[in-house]
Amino acid sequence: MIVEKDIDFYSLCEHHMLPFHGKAHVGYIPRKKIVGVSKLARLVDAYARRLQVQERLTNQIAHTIMDRINPLGAAVVMEAEHMCMRMRGVQKQNSTIVTSALLGAFRTQEKTRAEFMNLIRGHAS
């Protein structure tokens with residue numbers, strides 16, 4: 001399993017035209033092909049730099065990894081603060097939105113999913 005965690009990202013909500021930002025955690029289990037770790041961060045940036053919603057952003061990253069390098073599985077967890085939650089409407093200052101996309105072995109194998117979650121939370125398995 002290859003995991004890159006705490007990738008900073010910044011995006012713009014397509015619904016409210018306000019920024020959201022946070023950390024992305026990306027992992028995959030190579031089948032044959034591996035990519036340089038900078039490619040994972042660049043992939044996050046490529047999708048985050050457009051008008052976006054966090055749910056779609058999370059899924060796009062995971063599906064692109066599956067499509068491009070054909071791993072046994074891909075996992076993406078994104079944690080973000082949304083300015084629309086802070087500035088308008090409910091004005092909740094300390095809320096964080098967490099989204100996940102778990103594909104392949106990360107979806108079907110509980111131990112694999114748990115290992116990824118432990119790694120992104122800072123707990124060695």
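This passage describes the fold, the overall dimensions and the aromatic pairs of a predicted protein model.

Because the model is predicted, local features were considered at pLDDT of at least 70 and side-chain atom pairs at pLDDT 80 or more, whereas totals for chains, interfaces and linings use all residues. Residues are numbered from 1 along each chain as its sequence is written, and side-chain values rest on heavy atoms, with hydrogens and water left out.

Five helices and five strands make up the secondary structure of the protein chain; helices (H or I, at least four residues) and strands (E, at least two) are DSSP runs numbered from the N terminus. Their order along the sequence is β-β-α-β-α-β-α-β-α-α.

The C-alpha trace spans about 45 × 25 × 25 Å along its principal axes. The radius of gyration, taken over C-alpha atoms, is compared with a globule rule of 2.2 Å times the number of residues to the power 0.38. The protein chain has a value of 15 Å, which agrees with the value near 14 Å for a compact globule of 125 residues. Of the 125 residues, 39% count as buried, a term that denotes under 20% relative accessible area with a 1.4 Å probe, protein chains only. Contacts, defined by heavy atoms within 4.5 Å, were examined at a separation of 6 or more, and residues 24 or more positions apart account for 64% of these.

The accessible surface, obtained by the Shrake-Rupley method with a 1.4 Å probe, comes to about 7200 Å², and 50% of this area belongs to carbon and sulfur atoms. The protein chain carries 18 positive and 11 negative charges, whose mean positions are 4 Å apart. Lys and Arg were counted as positive and Asp and Glu as negative, without His and the chain ends; each charge was placed at NZ of Lys, CZ of Arg, CG of Asp or CD of Glu.

Rings of Phe, Tyr and Trp (its six-membered ring) were paired if their centres lie within 6.5 Å, with planes under 30 degrees apart termed stacked, over 60 edge-to-face and the rest tilted. Two aromatic pairs result from this rule. In the edge-to-face pair of F9 and F20, the centres are 6.2 Å apart and the planes enclose 75°. This pair links distant parts of the chain, with F9 in strand β1 (residues 2-13) and F20 in strand β2 (residues 19-29), 11 residues apart. F9 counts as buried because its relative accessibility is 0%, and F20 is likewise buried at 1%.

F106 and F116 also form an edge-to-face pair, at 5.5 Å centre to centre and 70° between the planes. Because F106 lies in helix α4 (residues 105-108) and F116 in helix α5 (residues 110-120), the pair ties together parts that are 10 residues apart in sequence. Both F106 and F116 are buried.

Definitions and conventions. Buried means under 20% relative accessible area, exposed over 50%, partly exposed in between (1.4 Å probe, protein chains only).
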